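Me: Please take a close look at a single part of this structure and explain it step by step for someone in the first year of study.

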Amino acid sequence: MKLVLYSGGFPRENLLLDRALFKMVKNKSPLFSFIPSQSYESELDFVAYVKRYQRFGVGRFLHFPIDIPTDEALLDEVFRSDVIHLGGGNTFYFLKHLRKQGILSKLRTFVKNGGILTGLSAGAIMMTPSITTASFPTFDCDDNDENLKNLKALNLVSFEFFPHYKHTSRYIEEMKRYSLKIAVPLYACPDGSGIVVNEERVQFVGKVYSFERGNLYKTFL
Amino acid sequence: MVKTKDSFDYSPFEKVNGDHPLKKAVPNAFIEYGARKRHGGRVAFFNFALAREMGLLPSNHPDSLTVDLEKKILETFSLVIINEYDLMNNVHFPKEDILPNKYMATRYLQLQHPNKNGKTSGDGRSIWNGFLTHEGVTWDISSCGTGATCLSPATNIHKKFYQTGDPTVSYGCGYSEIDEGLSSLFFSEVLWRNNIETERVLGIIEFAKGISINIRAHRNLLRPSHFFRFLKLSDREGLKQITDYYIHRQKQNGDWKNIPSKKEYEFFLERVTESFAKTVAQFENEYIFCWLDWDGDNILMDGGIIDYGSVRQFGLFHHEYRYDDVERFSTTILEQKNKARCIIQSFAQATDYLQTGIKRKMNDFKTHPILKQFDEHFTYYKNKGLLYKIGFNLSEQEYLLKNCGKDIEEYKKSFTYFERAKSSQGKIEVPDGITCNAIYCMRDILRELPQLYLAKNRPLNVGEFIQVIRSSYATKNDLTLSSSRDRKIALFQFEYFYLLEKVSKFFKKSSRDIILNVMTRSSIINKYDRITGDSIINITRKVMKFRPKLKCDELYDLMRQFAGFQNFCPEKEKIITIKNSRQKKYIGGMLKIVREHREGL
């Protein structure tokens with residue numbers, strides 16, 4: 001299993017994560033597919049995505065919004081990609097449409113067959129067992145306008161992920177409180193940091209804070 | 001409404017007082033009306049950015065309606081004319097309500113009028129508020145819904161003057177409605193952001209029962225029909241005055257430069273020709289339906305859109321759509337070019353009349369060299385638009401236009417085959433006219449083809465191509481296999497990639513880099529969601545529902561956000577700054593409508 005979970009931030013802040021990603025890419029002419037969390041204005045995010053990875057020599061990209069009717073021609077090609085990237089945005093809306101279009105199971109198969117799945121913010125949360133971390137803290141959460149009840153996500157890893165984390169007392173309290181409710185660690189990542197999963201190995205890149213059963217552990221020096 | 005400690009200078013509003021240089025320059029181009037204050041209005045919308053650009057507001061004015069600003073807007077624009085009915089019936093108005101200056105209702109040709117010579121036609125429910133010069137640019141400002149003038153069709157058909165607001169006549173009563181203002185607002189702001197010339201809505205003043213005054217602005221509000229009226233009436237002096245006035249304004253605004261002093265009229269004819277050729281090419285490329293006819297109404301002299309009543313933008317090339325105007329059907333989108341050509345023929349007649357003093361017959365200008373120029377300009381802009389839609393940047397477009405004319409024509413043939421393919425269902429009735437559904441969505445194929453080509457490293461096969469290009473209007477019958485269509489699919493892709501290859505060779509860049517560049521630009525230019533006339537109608541309805549809760553500043557913000565979403569400029573930056581959940585709900589609702597109607601009329 002090959003995964004990269006980005007928290008957010010500018011491309012230059014994520015260089016180490018990008019390098020880790022390219023170490024896993026074996027194809028000399030890889031195909032990168034971008035699945036935005038929602039199609040509105042996603043063209044601009046797609047263009048930014050293309051520009052970011054063009055610098056690494058990638059020359060093949062697909063833009064695959066999932067909240068509009070999908071073309072079979074595009075769908076087939078997306079799941080033949082080397083890398084599929086799940087974009088950031090509203091996590092609830094994203095999950096609703098991934099589920100509605102039957103993409104979740106396709107993504108699981110893609111990863112199982114050796115495909116590399118990357119995700120930013122909402123896209124990274126999507127790889128974990130549940131998207132509950134998108135619903136708190138109240139001062140920094142996604143609106144559940146979709147009124148989604150089933151928050152189960154891809155469940156590819158045995159931890160939860162909190163993006164755009166700020167190491168302040170109010171965040172710390174919220175993370176500790178939530179970590180008491182779950183059986184797996186909660187990794188909170190400030191922008192520019194993230195997690196790389198390469199088969200059985202989990203690598204923390206940048207400052208990643210781990211919350212387990214109400215306690216805070218730093219994964220870095 | 002905002003009460004601010006800062007006080008702003010609103011004195012430029014006082015310059016908009018009915019005075020206008022046209023009055024002196026072309027005395028027979030208008031009728032003057034006295035006016036009085038109209039009470040009970042409130043500012044429903046104000047275009048802060050446009051007002052700053054025009055110099056009505058200082059450059060540091062925020063996007064908010066202060067108490068003082070609303071007062072100033074109402075003082076300047078909330079007015080109603082004192083018309084013939086009022087005078088004949090000695091209708092009494094309080095002295096303090098009567099405004100000191102007079103306002104123009106301009107005369108122009110209108111083919112729906114009983115008198116087709118322009119003797120009785122023109123602004124039927126509008127007046128020109130005035131003009132404003134700021135940073136070297138002069139703007140014209142007019143308002144619709146300011147009372148019934150004697151130039152309306154109703155007055156001339158029924159041979160009587162109407163009281164403003166007379167409920168027995170609709171258009172002739174001199175009022176306009178807020179939904180007209182809103183649909184013009186959303187439509188024009190989207191088109192303007194996409195480099196289509198258009199009038200713009202400066203403000204909307206709302207009264208009880210959905211009545212409104214819709215204020216519009218443009219750098220020059222003259223239409224060809226203003227000129228053609230003098231031509232029809234064989235009034236050479238008037239024609240000379242209005243042409244000289246127009247040339248002067250274009251020069252003054254910096255829109256026309258280096259005008260040869262002894263060949264001003266030739267220059268005028270050439271520039272108008274290029275403007276109209278460019279406009280109709282743009283209309284065809286962008287699927288804009290604007291009812292053009294020989295009278296030169298519904299369009300500005302620079303090809304800008306005015307009067308959004310029957311204007312539409314199609315999602316697909318529904319080239320057989322005709323608007324049903326009760327007494328007659330409109331032109332189709334493809335017939336627009338010939339109507340624009342007719343307008344140019346009339347301008348050729350007009351300039352000849354100005355130069356020789358002899359008014360020759362219109363038929364004598366059928367083979368005038370300017371029409372050849374028109375055709376050349378049209379082809380140039382049509383091709384440029386096609387290349388832009390592929391995703392080529394400006395220098396790539398220029399290289400191809402200059403060096404690869406034949407290749408572009410070959411590509412155009414293939415493109416046109418799919419663009420114009422129509423449903424086997426044939427002609428059908430739609431709520432406001434007739435049409436025949438187009439079955440392919442060119443935006444979709446232009447957006448996805450470069451991506452899929454790079455992914456597959458080969459052109460698309462027939463099945464893949466059809467999956468991408470088929471629209472929701474395509475029936476099973478429309479998509480049945482045919483060897484000729486299969487050949488066209490191969491040919492289309494061949495011509496498309498041939499152009500890319502030409503650019504790659506000339507600019508010494510790899511094919512992959514060129515395709516990548518085209519792919520990113522095309523993904524924005526050919527965005528999945530695009531407004532159509534149908535979506536504007538439904539968005540206006542939706543906004544009308546929100547309206548009781550929507551303040552002027554919020555409506556402005558909503559317009560700005562919405563138009564930003566519909567900006568297809570590949571260089572644009574993301575501007576989403578949705579402020580609160582209510583705005584999110586409104587924008588979400590509007591975008592959903594755009595999506596639902598994206599292939600419609």
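Reply: Two residues are in contact if their C-beta atoms, placed from the backbone, lie within 7 Å. This is a predicted model, in which local features need pLDDT of at least 70 and side-chain atom pairs count only at pLDDT 80 or more, while totals for chains, interfaces and linings use all residues. Residues are numbered from 1 along each chain as its sequence is written, with chains lettered from A and ligands numbered from 1 in the order in which they are written.

The part chosen here lies in chain B, whose domain assignment (bounds from an automatic or database assignment) gives domain 1 (11–218), domain 2 (224–314 + 316–367), domain 3 (391–525) and domain 4 (533–596). Taken over C-alpha atoms, the centres of domain 1 and domain 2 of chain B are separated by 23 Å, and 26 residues of domain 1 of chain B are in contact with 31 residues of domain 2 of chain B.

On the side of domain 1 of chain B that touches domain 2 of chain B, the elements giving two or more residues are α1 (21–25), β6 (137–144) and α6 (178–193) of chain B; helices (H or I, at least four residues) and strands (E, at least two) are DSSP runs, numbered from the N terminus. Of these, α6(B) gives the most to that side, with five residues.

Sorted by class, that side of domain 1 of chain B has eleven nonpolar, twelve polar and three charged residues, where Ala, Val, Leu, Ile, Met, Phe, Trp, Tyr, Cys and Pro count as nonpolar, Asp, Glu, Lys and Arg as charged, and the others, Gly among them, as polar.
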